[in-house]
Amino acid sequence: MSSSADRQLPSYPYYEDFSPGSGLLPPRAWVPASDAARLDLGGHWAFRLSPSATAHDESFADPGYDASGWDRVPVPAHWVLHGHGAPAYTNTRYPFPLDPPRVPDENPTGDHRHLFDLPADWPAEGTAVLRFEGVESCARVWLNGQLLGSFKGSRLPHEFAVGGVLRARGNVLAVRVHQWSSGSYLEDQDQWWLPGVFREVTLLHRPPGAVADFSVHAGYDHTDGTGTLRVDAEPAGRVLVPELGLELATGQSATVPVEPWTAETPRLYAAELVCAGERIPLRLGFRTVAVEDGVLRVNGRRVLFRGVNRHEFHPEHGRTLDRAVMRQDLLLMKRHNINAVRTSHYPPHPAFLDLCDELGLWVIDECDLETHGFHAVGWRGNPVDDERWTPALLDRAARMVERDKNHPSVVIWSLGNECGTGRGLTAMADWIRERDPSRPLHYEGDLSCADTDLYSRMYAWPEEVDQIGRRVEAPWGTPELDARRRAMPFLLCEYGHAMGNGPGGLSEYQRLFEAHERCQGGFVWEWIDHGLARRTPDGRPYFAYGGDFGEEMHDGNFVCDGLLFPDRTPSPGLVEYKKVIEPVRIVVDGAAGTVDITNSHDFLGLSHLAFGWEYAVEGAVLAAGPLAVPPLGPGESARLALPEPAEAGPGPGERLWTVRARLAEDTAWAPAGHLVAWGQCERPGEPDPAPGPAAVPRRTGRSIVLGPGTFDAATGTLASLAGLPVEGPRLDVWRAPTDNDNGADWQPDERYGVIWRELGLHRMRHRVDAVAVDGEELRVTVRVAPAATDLGLAVEYRWTAAGDRLRLAVAVTPQGDWSCPLPRLGLRLGVPAALGLARWYGGGPGEGYPDTLAAARVGRWTMPVDEMQTPYVRPQENGARPRVRWAELTAPDGTGLRVEGEPRFWFTARRWTSEELDAAEHTHELVPSPDTVWVNLDHGQQGIGSQSCGPGVLPVYRLMPAPAAFGFSFGAVR
Ligand code: IPT
């Protein structure tokens with residue numbers, strides 16, 4: 001054994017050392033445009049992939065090197081999405097041994113070469129800067145054969161001075177990119193590992209006297225309505241704000257009346273920074289962020305975050321997003337009432353923040369830092385608690401803060417995600433506070449909140465959030481730290497895990513956010529599914545997830561947990577979230593003839609909205625009109641009388657009042673007429689007249705005929721209904737477990753999806769005990785149970801007929817010691833495939849489950865069965881329409897079947913069985929039956945919850961086995 005004295009100090013290559021890089025210019029503010037020349041170097045670059053960092057020497061950087069035999073890849077892009085190597089997905093596990101800062105020999109390395117000339121009008125004097133917006137994970141850069149340096153920090157900008165090396169023509173830029181580096185240890189975010197030059201590379205002319213850096217300070221004083229502006233710049237210059245009549249020297253401040261910037265009123269003032277050598281257009285937003293008396297306030301008012309966590313993702317381009325996609329994300333957010341983004345878990349493309357300034361979103365800007373995988377070894381060796389890494393951490397903090405400091409939308413800095421605790425985090429926090437005292441600090445991973453200004457948690461149960469809201473949560477840390485944390489505002493930086501069907505239970509959280517001043521909202525996990533667009537060999541499209549690229553280690557479809565499908569189609573989860581967080585509450589009381597309107601905006605009045613009422617009977621709109629709503633300020637409410645429509649007299653059919661708030665005029669994010677909020681209330685109509693004289697069951701050979709129904713006399717099963725062949729109906733309790741049913745393997749208990757399968761609820765046996773005709777009734781007694789247990793369900797089906805209707809009353813009695821909820825409780829029946837068009841009266845148009853049905857509006861809906869399917873990336877239970885009164889399935893000739901619920905039911909129709917849905921792992925594996933549409937008519941459904949990462953189904957939404965009685969009546973549609 002060697003003693004420490006003769007142990008050699010390790011010397012690692014640039015891609016494995018602790019340093020953030022070398023040869024770089026200091027970080028500075030993002031400049032989307034200036035009058036200095038710039039050249040976008042993107043395009044198709046020559047490319048060679050090597051299996052290791054050292055497989056080839058560095059001679060490719062020589063200008064004379066012959067790369068004519070190389071492939072080409074687009075820049076910006078990830079090479080693994082362009083035919084070189086493959087993407088790989090892990091959640092928290094590092095896909096290499098934990099031996100920081102070393103990385104494996106297997107280290108895919110992409111050498112890039114790009115030849116370029118300067119444009120003819122490139123100014124002769126001055127210098128130039130070569131800027132990289134993002135390279136994963138480590139780059140070494142040469143220009144014209146000269147080594148400029150290297151860097152790590154994948155989602156952060158890096159610049160080199162290149163004035164002395166640049167030529168008018170024939171420049172050769174060479175970039176070597178390593179997939180793995182010491183930097184990878186700091187980038188263990190839950191997402192695909194996607195190496196490459198994935199953001200723009202730009203050449204920036206720096207004229208003599210160009211702006212080196214500048215900081216905009218634009219505060220707002222809500223007590224007197226003034227804004228105070230000061231722009232610090234290097235070198236000094238002047239600031240012009242024509243709209244405010246301001247012309248100031250840099251460093252000088254001025255206070256004038258202004259309209260403030262908020263996410264609801266994103267007022268920007270066009271300005272210009274003029275230095276001797278450069279003019280930079282600015283967009284100023286005046287606002288002040290402060291934590292006061294335990295509450296986070298902007299411009300003096302408490303704000304409520306209706307947020308999402310946004311990773312950068314595109315199903316074809318990975319983390320390379322163009323401006324149109326960024327704008328699309330923001331328009332979708334604004335249209336779904338979302339007002340805040342946490343840039344999980346790295347600074348986004350800087351243009352995204354420009355768009356947030358413009359369209360109005362509160363932003364938590366998070367540093368490119370996560371060391372989650374050290375959790376697996378008890379946080380041993382965690383880089384954030386090892387001072388050798390501190391320069392790299394400080395470099396990351398500085399690159400984020402300097403780049404993004406001038407955005408009014410950025411209201412909070414976040415140190416990173418899931419890094420445990422450590423001195424490095426404290427060093428980052430200290431540096432950020434010193435550099436920018438104007439924004440509070442966020443970090444979730446340290447319960448003591450030693451380095452933060454906010455108390456932040458992820459996936460806490462509503463019960464605990466309620467305690468936190470009342471500031472009576474369990475103590476933590478030293479008494480001093482505990483008291484300090486207890487006085488802080490509270491955020492859920494992640495909640496509502498939107499994996500597959502769900503998240504459930506959002507309304508419960510929203511109620512707490514609105515009840516407790518301390519609870520300032522949350523950020524749903526997450527914005528978009530990271531499914532990569534792929535095709536089967538025969539050309540059918542699907543979205544791929546972890547394991548689909550032959551990864552040795554992967555975390556499956558945990559990467560698909562967004563409110564958007566990968567192609568940016570809103571999922572039912574997003575539609576639900578929009579309703580839950582709507583900024584106007586509309587509570588209709590049809591019986592009293594009133595509607596309560598509450599303005600839940602933080603800053604806006606209601607004048608941008610036009611309200612309207614509507615009166616319908618059984619879904620048919622009979623009267624509608626505008627509703628005059630007084631100009632309520634934020635937080636104010638009013639009770640208004642609803643008009644009494646002439647048609648509102650007594651009669652059959654349910655009465656339904658709906659009140660809607662729509663945009664009165666076009667905005668930057670949605671056209672006039674866009675629906676923002678709504679409320680609805682129903683009142684039963686007079687009961688329907690009796691359906692006609694009762695029929696009596698008649699035995700004919702092996703059948704029993706009862707009204708329009710023909711039954712098998714031996715089994716009591718319905719064989720045809722009004723001439724239509726049918727299969728069933730019979731009791732069904734199985735659903736294809738959702739991701740939230742299955743839960744995550746670290747979840748302690750109540751992983752019902754797993755429990756159900758262990759119990760065998762997917763292979764229930766039906767034993768007919770009796771088929772009896774008793775007066776007007778056909779009675780069938782059945783025991784439904786899985787193998788290998790004594791649990792069961794005693795079922796009695798009682799059939800009667802009257803007029804042309806067949807009525808079924810079902811009684812279910814659990815037998816044995818059931819200790820878990822049922823997936824569903826109802827009937828399954830098969831009808832001919834021709835019945836492909838659904839009409840129903842009840843909740844819609846989209847799906848809804850017990851804890852996800854806020855957005856289901858009662859109405860009359862028509863939809864092909866094929867469109868009732870929700871294409872979750874990993875197939876699972878979906879598509880139930882809640883609170884359905886009646887439903888019809890018809891063939892193209894208009895004939896078919898009608899079902900009425902007694903009481904209301906959950907209506908599902910699909911061209912495959914639950915078992916087939918359960919077996920499929922990708923959408924293309926679901927093959928429509930040529931013969932049958934499968935219909936589920938459910939009396940109950942288990943809630944959805946959020947247990948794929950967060951809390952399970954709340955007790956009130958669990959479908960616990962208990963004696964149940966429900967019924968349906970069936971008839972023909974002719
Ligand atoms: C949490 C992570 O912060 C986030 O990146 C993502 O992985 C999410 O979970 C699940 O999709 S961490 C979790 C262990 C609470």
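User: Before we look at the ligand in this predicted model, within what distance does a residue count as near a molecule?

Analyst: Happy to start there, since the ligand's surroundings depend on it. A residue is near a molecule if one of its heavy atoms lies within 4 Å.

User: Thanks! Which of the 14 residues around the ligand come nearest?

Analyst: The shell around the ligand holds 14 residues. Those that come nearest are Asp190, His345, Asn417, Glu494 and His497.

User: How far is a polar side-chain atom of Asp190 from an oxygen atom of the ligand?

Analyst: Let's take it together with two other contacts. In the side chain of His497, an N or O atom is 2.7 Å from a ligand oxygen, and for Asn417 a polar side-chain atom lies 2.8 Å from an oxygen of the ligand. For Asp190, the distance from a polar side-chain atom to a ligand oxygen is 2.5 Å.

User: What share of the area that the ligand exposes when taken alone does the protein bury?

Analyst: Good follow-up to those contacts with Asp190. Taken alone, the ligand exposes 390 Å². The part of this area buried by the protein is 89%.

User: How do the shell residues divide into nonpolar, polar and charged?

Analyst: The ligand takes up the space of the largest pocket. The shell around the ligand divides into 5 nonpolar, 5 polar and 4 charged residues.

User: On to the backbone: where does Glu526, joined to Trp525 by a cis peptide bond, lie?

Analyst: Most peptide bonds are trans. The bond from Trp525 to Glu526 is cis, with omega near -5°. As for its place in the chain, Glu526 is in the loop between strand E33 (519-525) and strand E34 (532-535).

User: Which strand holds Pro903, the partner of Glu902 in a cis peptide bond?

Analyst: Omega is about 10° for the cis bond that joins Glu902 and Pro903. Pro903 lies within residues 896-910, which form strand E57.

User: What is the phi of Asn144?

Analyst: Asn144 sits in the loop between strand E9 (138-143) and strand E10 (146-152). Most residues other than glycine have a negative phi. Asn144 is not a glycine, yet its phi is positive, at about 50°.

User: How much of the chain over residues 704-971 is strand?

Analyst: UniProt lists these residues, in an unreviewed entry, for "domain: Beta galactosidase small chain/". The end C-alpha atoms of this stretch are 17 Å apart. Helix makes up 7% of residues 704-971, and strand makes up 48%.

Notes. Residues numbered from 1 in each chain as written. Predicted model: local features only at pLDDT ≥ 70, side-chain atom pairs only at ≥ 80, totals over all residues. Heavy atoms only, no water. UniProt positions renumbered as here; feature names shortened; annotations may be inferred. Helix = DSSP H or I, 4+ residues; strand = E, 2+ residues; numbered from the N terminus. Polar contact = N/O pair within 3.5 Å; in protein donor to acceptor, adjacent residues only side chain to side chain. Areas by Shrake-Rupley, 256 points an atom, 1.4 Å probe, with all protein chains shown as cover. 1 Å grid on protein atoms, 1.4 Å probe; cavity = no way out; pocket = protein on both sides within 12 Å on 5 of 7 lines; lining within 4 Å. Sits in = over half its atoms within 2 Å of the grid points. Nonpolar A, V, L, I, M, F, W, Y, C, P; charged D, E, K, R; others polar.
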